[in-house]
Structures are given as C-alpha cells and as structure tokens.
Amino acid sequence: MIPLEHILIFSISLFVIGVFGILVRRNLLFILISIEIMLNAVAVLFVAAGNYHNNADGQIMYLLILTLAASEVAVGLGLVIQMYRRTLSLDVDQLASMNEQ
Amino acid sequence: MLTELISILLIGALLAWISESLQLQLPKWIAIATLLSAFYPLRQLLMELDTGSMQVWLVNESIEWIPRFNIRFHLALDGLSLLLVLLTLLMGLIAVLAAWKEISYKPGFFYFNLLCSLAGVIGVFCALDLFLFFVFWEVMLVPMYLLIAVWGYENRRYAAMKFFLFTQAGGLIMLLSICALVLLHYQNSGEITFNYFALMQHQLSEQAAFWVMLGFFIAFVIKLPIVPFHNWLPDAHTEAPTAVSVILAAVLLKTGGYGLLRFVLPLFPDASVEIAPVVMAIAAISIIYGALMAFSQQDLKRLVAYSSVSHMGFVLLGCYAFTAQAWQGAVLQMLAHGVSTAALFALVGAIQYRYHTRDLAQLGGLWQCLPKLSGMLLFFVVASLGMPGLGNFVAEFLVLVGSFSTYPKLTMMAATGLILAAIYSLKIAHQTLFGTLKLQPSIDLDRREVLMMFSMVVLLIWLGLHPQPIIDLAQQSLNQLSIGAKL
Amino acid sequence: MQDQYLSQLLMAVVLLPLLSATLLMLAALFSVSLKNVLVATLAVGAIGGSAICVILLNLQLADAGNFSFSYVYANWLKVGSFSAVFGVYLDGLSLVMISIVSGVGFLIHLYSVGFMAKDQDFQRFFIYLNLFVAAMLVLVLADNLLMLFLGWEGVGLCSYLLIGFWHQKHANSLAANKAFIMTRIGDTAMAIGLLLLFMLLGTLDIQQIQLQAEQLWPLQSDRGPAFDSVTICALLLLAGAVGKSGQLPLQSWLPDAMAGPTPVSALIHAATMVTAGVYLVARFHQLFSLSPLAMQVVAAIGAITLILAATAALVQRDVKRILAYSTISQIGYMFLALGAGAYSAAVFHLMTHAFFKALLFLAAGALIYSMQHQHNIFRMGGLRSKLPFICVCFFFGCAALAALPLMSGFFSKELILQKLLDREMYGFWLVALSGAFITAFYSFRLFFVVFFGSTGQLPDAKPTTNMKIALSVLVLLTIFGGIAPSGLSAVFAESELASDHNLAIILFTIAVPLSAIAVCWFIFKKQLFNISIKSDKLKGLHNFLYSGWGFDQLYNALFVRPFIKATHSNKKDFIDSFYTGLCQISQLSHQYLNKLQNGQLRWYNASLVLFSIAAMTFLFTGQ
C-alpha cells in the first residue's frame, strides 16, 4: 500500500509541472498538453482519495474527468489546428489580439 | 382624453417614420398634421374652460397597468399641466416649422424622435403615478439623445453624451428617491402604491423627508438647469439642430420647473421650507452666473443657452419664495422663457442656415440685408432682457415682488440680473445686427418663418399685457401648494 | 358723462400713435410697401390726432381749478394682494406733460418728414418715433408705478433704437448700448424701489402710495435728515430719475446719444424723455417732501450736474454735443429746483426748456442738413447772411437758453433763482447764478462762432417747408411760452411765500447773462476760441472739461474693463472643469484597468495562479 502522502506529493508535482508548462511554454500545443497533465494530476488525486475513504466516488469522478479530457482534447486540438492553418503560428503571445485597437 | 393625446403623438411618430420610405417630404407634413390633431382631444376642455369656477383637476384618467406593484396608468390634468401641455404642442409646431428645410438626412426618423420626445414630455406633465412619471421622464430623454447625436453639428456625440449622462444621473437619483418614498410608505401603511395623492398624505420623518426630497430636487434642478448642474445645457444647445434647441429650451427645461412645483413642494412641504434659504441663494447665483457667462460667449447659441440658465434661475427663485406672486411668476416665466428663447434659437438657426456660422466675430451688419430677421431678433432680444409689456417682464417682476418680502437681499441680488440681461442681450444685437456687413447678402425671412416668428411675437405680447387668464388658470394648482406649505 | 368723454379722449391720445406704429410695423413685416407720403401722413397724422385730443382736454379742463381725474380701463394682472391696472391719472402736472409731449412731438414729427425724406429707412424711423410718443404718454399718464415703468422702459427702448438708427456705423450702436445700459442701472434701482414700496405700503397706485406714505412716515421736522425707509424709497426712485435724466453719476450717456438723427435728439434727448426724471420726482413730490435727506440729495445732484455739464459745454466743438451738455445742465437746474421744493418752478422750466431746446436742436439739425452733415462749429462761420432763417432760430433759442429778459427761459430760470432765495439756500443760489453765467457764455459762443466771423464751409441745401413751419412755431413758443401753467400750483399745493421782490437782486440776475454775452463777444472778437492751447496745465484742464470731467475714463477703468476682464477670464466656465475632471479620472482608471486585459494567455494564467496561491495561504493561515 502506497501511503497517501506519496500520492499527494506525486499529484502536486504533476500539477505544478502542468502549471509551469502553461506559464512557460508559448506554444499552444504544449499548453494544451500541460492542461492535460494538470487534469491527470487531479484525476490521480481523486482515485487515491476514493481509495483512502473506501468510496467509489473517486473512481466515478475519474471516469468523468476522462471523458471531459477526451472531449476537451478533441475540441482543443481542432481549434489549435484551425489556428495553425490560419496564422501558421502557435505562439500565444503573437496570437494575442484582444488589446489591438 | 390624455391617453388619446399621447397615442395620437406616438402613432403620428410611427407614421412619419414609415412614410419616409414613400416620399422624403411626407414626414414633416405628417408631423404638422399630428401636432394639429393633438389639439382635438383637448377641444372640449378648452371650449368649456371657465377659470372662475374650475376644479383643481380638469381631467383624471386611471387605468390598471402593473397590478402586482399597484402601478397604474394614471394621467391627470390641472391648470398648470394644461398650460404646459399647450406650450408643448405649440412649441412642437414651431419646432417642426424650424426644421422644415434644415433636416434632409433621414427626415422620417427625425420626426419620429421629435414626436416621441414630445409625447414623453406631455406624459411627464400629466402623469400622477410616480412610476409612470419616471417612465415618461426616460421616454422624453432617449429620443432627445438621438436627435442631438444624429442630426447635430460638429461636436454632437460629445454633447449628446453629456446631455444623456447628466439627465440620466438625475433620473437615477430620482428613481432611488421614488423607491425610497414608496418603501417608506409601504413600511408605514403596508400598502405598495406609486399614487401621487396617497404619497402626499404620507408623513415622513424629518430626516427621511430631507434625503428623499433632495433626490427629486437634484433631478429637477439638473433639468432646469441651475448652477452648478448647468454644464450640459450650453453644449447640448450648441450642437443640437435648430428644432431640437427649440424643443429643449421651450419644453424640456420646463419639466424641471414643473417637477419642483408638482412633486417637490407638495410632497415635502416642510423639508422644502427648510432648505428654501439655501435654494434662494443658489437661484440668485445662478441668475448672475448665467448672465456673466452669457456675456463672455462668442458662439451665439452658447450665449442664448447661458441666458437660459440665468432666466431659469428666476423660476427656482419663484418656486422657493413661498408666496403666491412668486409662484405665479415662476409659471409665467416658464411660459414666457419658453416662447422667447425658442424664438431666439429659431432665429439663430435661421442665421446659421443662411451663413453657416454662429460665431459673433464673423457676423455683423445683418440689418442691411435682412431687415425682417433683424427686427425679429431685436424684438426677442428685447423680450429676453425683460421689457415691460412682454411676457418675461411680468414673470420676472412677479417673482421679484413675491420674493422681495421674504428675502430682500437675495432678491436685490437677483434684480441685478436685469442689468446683466441688458448687457448680454444688447451684445447679441450689437454683434449681429449693427456695423458693416461682413458676409454675403442673403434672402430675408420667407413666409413660413415670418408666420412662425409673428405667432411668437403675438404670444409674448399677450403674455405681457393680458396675463390674467393664465394666472387664473394656474391659480387653483398653486393654491394647493400654499395649503401644503401651510401659508 | 364728462368722465367718459375725458377717458375716451385720453385713450385716443395714447392709442393713436401706438396704432400708427403697429400698422407701419405690420406693413413692413408682411412686405406691404408704402409710399413715403403715406407713411408720413399716417405717422404725423396720428400724433396730430393726439395733439388735437390734448387740446380738447385742455379746453375741457381750462376752467376747472384743482382737478384730478383717474380712470381704469382694464385690469393688467392681479395675483393675491398684488394688482396692477391699466389706468390713467390726469391732473395739472400730467396735463402739462402730455401737452408738451404731443405738441412738441407733433412739431418734431412734422420737421422729420423733411429731415428724413432722403433716408431709405424712412418708415422704420417713424415707427420708432410713434412708438416713443406712445410710450412717453403712457409714462406721464400712468396711475400706478408698474404702468409708469412700462412707459419708462418703453421710452428707454425707443431711445436705444433711435440712437442706433443708423446701424451701419458701429459707434452708433455702442452709443445706443451705453445709453440703454446706463439708464438700465438706474431703472433697476427704481424697480427695487417699486418692490420696496409695494412691500411697505401694499400698493403701487401712485396717489395711494403718497397718501399712505404721509400717514406712515409723518414728516418730523425736528429730527433732521435721517436715513429712514422713506428716504431709501425716495433715493431708489431718484436713481431711476437720475439715470433717465442724465444726471450725476449716470450722465455720461447723454452726449454720446447724439449719434442719433437730430430730430431724435430734439424729441427724446432734449424735450421729453430726459425730463422724465424731473416728472418722476415731481409726481412723487409728497413722498420726497417727507424725506429732507432725499431732497438735499436731489438738490446737490442738480447743482453739481449743472456746473459739470455747463463747464463741459464751454469747450465742445460739436454743435450737438454743446446742446447735449447744455441739456444736462438745464435738467440740473430742474433737479435743483425740485430739491429746493420748488416743484412748479421745475416743471415750468421743464416746459420752457422743451420749447427752446427743441428749437435749438431742430435748428442745429437744419444747420447740419444744410452743411453736408458738418458738426464742427469751427468749420462753419459767417453763416448769418447765408442762412438767415436758421440764424434767427438760433438767436432766439440761445437767448432763451441764456435767460435773456422777456424770453420764456428767463421767466422760468428767474423763478427758480427766486425760489432758491426764498428758501434761503444761498449756496445753491450762487451755484445756479454762476451756472447762468456759463450758460449764457457757451450758448453765445456757439451762436457767434457759427453765424459771425469769417466764412467757412458753404451751405448746399435749404431746409424744407415742413422744417420751416415746425421751426417757426417753436420760435413763437420760445418767445411767448413763458407763461407758467396755471394748474401746477394747485397740484403741488405750494405755499406762496410773500417774497419781497428785491429789485436790486432781480437786476443783478438779469445782468449776469448779459455780462457773460459781453465777455463772450469780446473774446470772440479777439479770436481766442479756436486757438490751440500752448500751456500744459491749460491743455489738461481743457481735456478734462472736454471729456465731461473724465467720467467715461473713470467708469471704463472702474467698471467696464474689470467686468470684461472678469467675464472673459471665465469664458470656458470653471464649473465645467469639475465635470471634465470627473471624466478624466474615469478615463484614467479605465486606462490602468485596461492594461490587465491584454490578451496574453500566460499573463492571465500567472495572475490566476498567483491569486490561487494567495487565496490559499490566506485561507489556511489567515484566520
């Protein structure tokens, strides 16, 4: 039995890696991947917590996150491809157009 | 009867808009026809009017509207309202005539807005349900914004926005006050009502009355306008097309004075008496400040706009002197100022139409080529400086007589406004009419313009020499005030 | 029966000129072009009709000793306790006044037909002139103060319009503005007086006011001059009178008012309107009598103005300005007489002054008309033989002005001097006498320079018949008009002091103007009038006198320029800066907040993360 603390540390490190990925990477694709990593970090935590409480809710939650992640990737990747086709770039800093007046 | 009146205006407005697609000349004829037919519902009332044995409320119509909050479509007419409704319709006609040749861009939509605004004003003058009053207050505001923003001169967006923000801010404060008043009444009696009479019966605590009154007061004083809330007026007038300036000066400003007389004084008599000295001082300052500002202006329309500030100071002075003469003077001042200033704006518009400038430095010597226009301009200039025999004098004199017994020093201060009025009024005549002609000669007033001006001349002389019918008509409504103020 | 007859006559007197003015105005407005002959017939006919009605009134009332007639035609306005009516009040005083106004007015209208014949604004001129006569008649006939004020402002307006009649010249408009605004200052004080009187006495009816004032503030001779409410009322009314009559300190508009056509100067700025102030004080003589202080102020104003204007007239070169200053000075005499309580003498002088000053102005007009609009007297000279008719007119006018014996002006001025002596006001008597000396001097300076000596510019036109008729009638009035109107003493109820007519004093007062003329003739023969002044001191004095004691400069420096400066410094309206400031603050905060919303995804993320961390630390540790 792996102690809960280890899983917690693992999950938090995964989440922080994801956050840093979003903050540091400029490529939209990698940002998307970082989001996936963060989602999975949460998912791992859910499963572990479910196990800890002897409760199936954690695993159900994991399934929910799985579907969510799948649909998100589907839509997100689609958008990223569209974006790339239009602008031939996936750099978020360059793509920022909200403040252009 | 009043519902019909307002519906006629709204239907006419829609017709004018639709007819634009058929023919561009059609909307103005429809506007004229609408305004003329608006007199039709009033015919019986006007014919059987007997000021000697008249009730306070001549017409009283009340229909259920939003039963959940006990809001009713309650319109009523007394002598004061009747006078102002008549002024609105007459000045509406003048405005349409003033716009006759000037408006060529989307005329249908222009007259739609004009008539809607007039309908709103008439609603304001008749509504006795506070919620309905607020609705009409907004109804007259929005079309006015469009009229300035779409058909105005160079800096129209800025002016329209300023006008809108000032009035809207006042409206918001008033809405808060209305809600507060209704809620306080609800707490006391357990009944939600927006009814004027019911709220009038309600006794507020001194503190509450003061703050609620202040909300109404500020909203109306912005509309009048009084220093230091006057800044929207010069901009709005300068940028607005002639017809809109006419409506603005003749009718819209009067809703402020009307609001004071109809709502502030009767609903909060004690609180009003309490703040009267301060208000009188503000009014006197307004009179003098407006006149000084008028003198320093170079733009003819701005000059007349500031003179309005000065003249409307007399209305405020009259409202808060709490004597019968002063109240009558305030009412007469609203009417006389409505006519004389509207005429001045129409004439400035006529000059602008001919020379495309309102700059006093560029004008001059108009008498040589435009004798009729000059004569008319001189007449209304003289009227606005308070020449006895014309309406403005009677009004200002009554205000002064009324307030002199209670506030002699402030009244003397206000009376110096008469000297300043002479100075800025003569400046208009001096800069535009006299001297050598600096611009190309142009054609004089045509028949439409002469008719329009002449009717206003007759009105002013009538107000000046035989104001008694009007005084009698307004007397009943003003008597209510003195009962409220326990005089 | 008689009342109705009188009231109808009085109504006709006022309404005829008004009707004519309205008709002419409407014709102009609706583009009905009228021939000059028609305009003249209508305008002059209307005043003629008025004058005839006044003659009928005079006949009707000739044998009525002390009469007063009042009639209310209509209600004007009535609010609560305040009411005003359209009513007339006719007594000896107003009868004299309407006789002057309609009579002299008619002559001047007649004269104007010739004088203005070539002017393209013929019709407008007669509209204004008719309107003026109507307003003036309203003023003198009014039975309440509000209606008096209606006429009062009405004549002021017409004066403004007529001074600025030749609108092409900017200077005329400035003169008109000056006249209107300066009189308006007095008028506003008068309006405040109206308010005060109404507040204290509860009525604006002139007779009622005086009756109640006598009861409310009985004259206490032992108390001496005091600054009580009756004095304040009287002084406020006096301010109006001072403004309208061109007395100190509101006198400086009158010389500039000469920019108007000469008949206007004759009618408005000599014979009728400017004497309205005298009429006002005379009308309110009961009120004024109650306040010794106010009476002293009236007399002092009159005396100072008399000397001021007379000395200013000494050095003027423009014929019309000489006459304008002399008008101010003569009205000073009237005020002096009023202040001394010699009301009937004042009104008598008002009447004779109306005759001889109208004559002088009309003659000056004829002179200017003949001399290609030349105003400078030193460009003329030796016109005695060229324009004999005008010379005769001028002679009689100047003689009456100088109060030479047997002229009308002599009787009235003599009466004033005598009343001053009767009331033991020796200081004022001396002032008046020296004024008489200066008056005789400047009037004959004018006469000698224009009509004697070497010939200057030559005349190129002759006065028309209309002008000659009007002038001749006025000459007759000037010579034989020295009969005091009988009705006056009854109005003013003056106690005739048994004055011992000291022959020596009378001879002395006669000798004063004669000696002045002699001195004048002597100086004229030496040709000292038009030499250029060398000494600096004398030059300074000359400029001081020429500018009418420098009042224009004083007022410009004290009031006009600071006023213009103050108003123009606030052209942009400083209150607006509050609202624009509000605007700027919200715009500024918008700018800063807008920086946060920049579309940088990573920036958003970072702030999200930072906020989460901050929130969590706060949640876990903050409590």
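Visitor: What domains does the domain assignment give for chain B?

Guide: Chain B of this predicted model is assigned domain 1 (1-262) and domain 2 (268-487). Those bounds come from an automatic or database domain assignment. The C-alpha centres of domain 1 of chain B and domain 2 of chain B lie 21 Å apart.

Visitor: How many residues of each domain of chain B are in contact with the other?

Guide: For domain 1 of chain B there are 40 residues in contact with 46 residues of domain 2 of chain B. Contact here means C-beta atoms, placed from the backbone, within 7 Å. On the domain 1 side, helix 4 (79-99), helix 9 (206-223), helix 10 (232-239) and helix 11 (242-267) of chain B each supply at least two residues. Helix 11 of chain B gives the largest share, 11 residues. By class, that side of domain 1 of chain B divides into 28 nonpolar, 8 polar and 4 charged residues.

Visitor: Why is the radius of gyration of chain B said to agree with a compact globule?

Guide: The rule is 2.2 Å times the number of residues to the power 0.38. For 487 residues, that puts a compact globule near 23 Å, and chain B has 21 Å, which agrees. Along the principal axes, the C-alpha atoms of chain B fill a box of roughly 70 × 60 × 45 Å. Buried residues make up 62% of chain B.

Visitor: What secondary structure does chain B have?

Guide: Chain B comes to 19 helices and 2 strands.

Visitor: What makes strand 1 and strand 2 of chain B a pair?

Guide: Pairing needs at least two bridges. Here 8 bridges join strand 1 (residues 57-66) of chain B to strand 2 of chain B, so the pair passes that cut-off. The two strands run antiparallel, and E64(B) stands opposite R72(B) in strand 2 of chain B. Their hairpin has 4 residues between the strands, and N70(B) takes a positive phi near 60 degrees there.

Visitor: Why is strand 2 of chain B called largely enclosed?

Guide: A residue is buried if 20 or more other C-beta atoms lie within 10 Å of its own. In strand 2 (residues 71-78) of chain B, 6 of the 8 residues are buried, so the rest of the structure largely encloses this strand.

Visitor: How do you know that the largest nonpolar core lies between the domains of chain B?

Guide: Domain 1 (1-262) and domain 2 (268-487) of chain B both give residues to this core, so it lies between them. The core has 434 residues, and those with the most contacts inside it are V246(B), A358(C), L359(C) and L362(C). Helix 15 (residues 343-370) of chain C gives the most, with 20 residues.

Visitor: Which residues does L359(C) touch, leaving out those up to four places away in sequence?

Guide: L359(C) touches C393(C), F396(C), G397(C), L471(C), L474(C), V475(C) and T478(C).

Visitor: How many residues of chain B and chain C take part in their contact?

Guide: Chain B gives 42 residues and chain C gives 36 residues. Among the elements of chain B that each supply at least two residues are helix 12 (269-296), helix 14 (324-355) and helix 17 (408-433). Helix 17 of chain B brings the largest share of the chain B side, 11 residues.

Visitor: What classes of residue make up the side of chain B that touches chain C?

Guide: That side of chain B has 28 nonpolar, 13 polar and 1 charged residues.

Notes
Residues numbered from 1 in each chain as written. Chains lettered and ligands numbered in written order. Predicted model: local features only at pLDDT ≥ 70, side-chain atom pairs only at ≥ 80, totals over all residues. Contact = placed C-beta atoms within 7 Å. Nonpolar A, V, L, I, M, F, W, Y, C, P; charged D, E, K, R; others polar. Core = buried A, V, L, I, M, F, W, Y, C linked by C-beta atoms within 7 Å. Buried ≥ 20, exposed ≤ 12 C-beta atoms within 10 Å, placed from the backbone.
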